[in-house]
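The following note sets out numbered points on the structure for a colleague at the bench. Each point may be read beside the sequence and the coordinates.

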Amino acid sequence: MTTILSIKDLRKSYADGFEALKGVSLDIEEGEILALLGPNGAGKTTLISTICGITNPTSGVVTVGGHDIQSDYRAARRMIGLVPQEIALEPFEKVRNTVRLSRGLFGIGKDNARIEEILRKLSLWDKRNNAIKELSGGMKRRVLIAKALAHEPRVLFLDEPTAGVDVELRKDMWELVAELKRDGVTIILTTHYIEEAEAIADRVGVIDKGELLLVQNKATLMSQMGKKQIEVMLTEPIARIPDSLASHNLALNGAGDCLIYTYDTHADRTGITTLLNDVSEAGLVLRDVQTRQSSLEEIFVNLVSGEAA
């Protein structure tokens, strides 16, 4: 695949010495969805703002479609669409005019058919003559996306796109992102919702304290770093784990009726067969056995806390 966005050793420091970005390097392929996760203050918004030309980098090189964001900023910016966190729209302007204006800001001629297509995709066509102030918060966020798409960018940044919207609208947004990907748009989104990354991302990046901790294919990340657990449910609760099972490093749930065994799926032997035999020999009667995979949220928490291997 073709690299559409290339970031090399990007740094951003402020006069007081604070380093918001510490040598971030990343290549993003055309047509992929990258979810950028990180706690508040991790550097997510600073990274996006720098790429989009809102903030000047201290050092480093960023190219979009081969165009340097500093020496060839007009061409680079033309390829980028940005949906910011804050909803900043002219309250008395009509929806259609708001979106048209964004197209004009990039020096692109009128295209009423294209504007209609965008508004219909975002379920805004019926609201095209409404003033912005008449819209709900979720609809206003859709207008922000329409504005970002008006000049037909090839790279779309979504900075917390579903913040403050309900679950149903969030899922609608996920479907929209999937449709944009099918249209060939490259999407980079920041989010606090781990399930958002799990649902729609191809790759996941984790940033903390201005450093990119990793960028990995989502499925590979969960396979390599996620732990798998087997839950052995018992017919009768027990007060403590029998000494004969101590070698299995088990945990007992609060109710005392479930033994939890964590294992590495990549190990030569999981030890499950031996565990089940030993449980039976200890006089415990099984009611059920279930397995579960670590979620992306658990992996993320471990990474930013330094617990991941």
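1. Contacts of I187. Leaving aside neighbours within four places in sequence, I187 of this predicted model is in contact with E32, I33, L34, L156, L158, V177, L180 and K181. I187 is also one of the three residues, with L119 and L156, that touch the most other members of the largest nonpolar core, a set of 42 residues. The largest share of that core, 6 residues, is supplied by helix α5. A second core, separate from this one, has 26 residues, among them I4, L47, I48 and V155.

2. The sheet. Six strands form an open sheet in the order β6-β7-β8-β3-β9-β10, and their pairing is mixed. At the edges stand β6 (80-83) and β10 (211-217), each of which pairs on one side only. From one strand to the next, the twist averages 15°. Strand β9 (residues 203-208) and β10 pair in the antiparallel sense over 6 bridges, and D208 stands opposite E211 in β10.

3. Helices against the sheet. Helix α1 (residues 44-51) packs on the sheet and touches β3 (33-37), β6, β7 (155-159), β8 (186-191) and β9. The direction of α1 makes about 150° with that of β7. Helix α5 (residues 137-149) lies across β6 and β7 and runs at about 165° to β6.

4. Enclosure of α1. How many of the 8 residues of α1 are buried? The number is 7, so the helix is largely enclosed by the rest of the structure. The buried residues are K44, T46, L47, I48, S49, T50 and I51. Of these, L47 and I48 are included in the second nonpolar core. Just after the helix, G53 takes a positive phi of about 85°.

5. A buried lysine. K44, in helix α1, deserves separate comment. K44 is buried yet has no salt bridge. The nearest side chain of opposite charge is that of E160, 4.6 Å away; a salt bridge, by the criterion used here, requires a side-chain nitrogen within 4 Å of a carboxyl oxygen. Not counting residues up to four places away in sequence, K44 touches L36, L37, G38, P39, E160, T190, H192 and I207.

6. A buried salt bridge. The whole structure holds 11 salt bridges. One of them joins R203 and E32, with the closest N and O atoms 2.7 Å apart. R203 lies in strand β9 and E32 in the loop between β2 (19-29) and β3, so this pair ties together parts that are 171 residues apart in sequence. Both R203 and E32 are buried. E32 is, in addition, among the contacts of I187 discussed in the opening point.

7. Salt bridges of other settings. The side chains of E116 and R120 meet at 2.8 Å, N to O. These two residues both lie in helix α4 (residues 112-121), 4 residues apart, about one turn of the helix. An α-helix has 3.6 residues a turn, so residues three or four places apart point the same way. E116 counts as partly exposed because its relative accessibility is 27%, and R120 likewise counts as partly exposed, at 48%. Salt bridges that share partners also join R114, E117, K121 and D183 into one network. The salt bridge between R240 and D243 has its closest N and O atoms 2.7 Å apart, and both of these residues are exposed.

8. Loop residues and backbone angles. Which residues have a positive phi although they are not glycines? K209 is one of them, with a phi of about 55°; N249 is another, also with a value of about 55°. K209 is placed in the loop between β9 and β10, and with a relative accessible area of 58% it is exposed. N249 lies in the loop between β11 (228-234) and β12 (251-252), and its relative accessible area of 66% makes it exposed.

9. The loop before α1. G41 is found in the loop between β3 and α1. Is G41 buried or exposed? With a relative accessible area of 68%, G41 is exposed. G41 and I69 are 28 residues apart in sequence, and their C-alpha atoms are 24 Å apart in space.

Note on methods:
Residues numbered from 1 in each chain as written. Predicted model: local features only at pLDDT ≥ 70, side-chain atom pairs only at ≥ 80, totals over all residues. Heavy atoms only, no water. Pairing = 2+ DSSP bridges. Axes fitted to C-alpha atoms, helices over the stretch in contact; angles between N-to-C directions. Contact = heavy atoms within 4.5 Å. Buried < 20%, exposed > 50% of the residue type's maximum accessible area, 1.4 Å probe, protein only. Lys, Arg positive; Asp, Glu negative; His and termini not counted. Core = buried A, V, L, I, M, F, W, Y, C linked by side-chain atoms within 4.5 Å.
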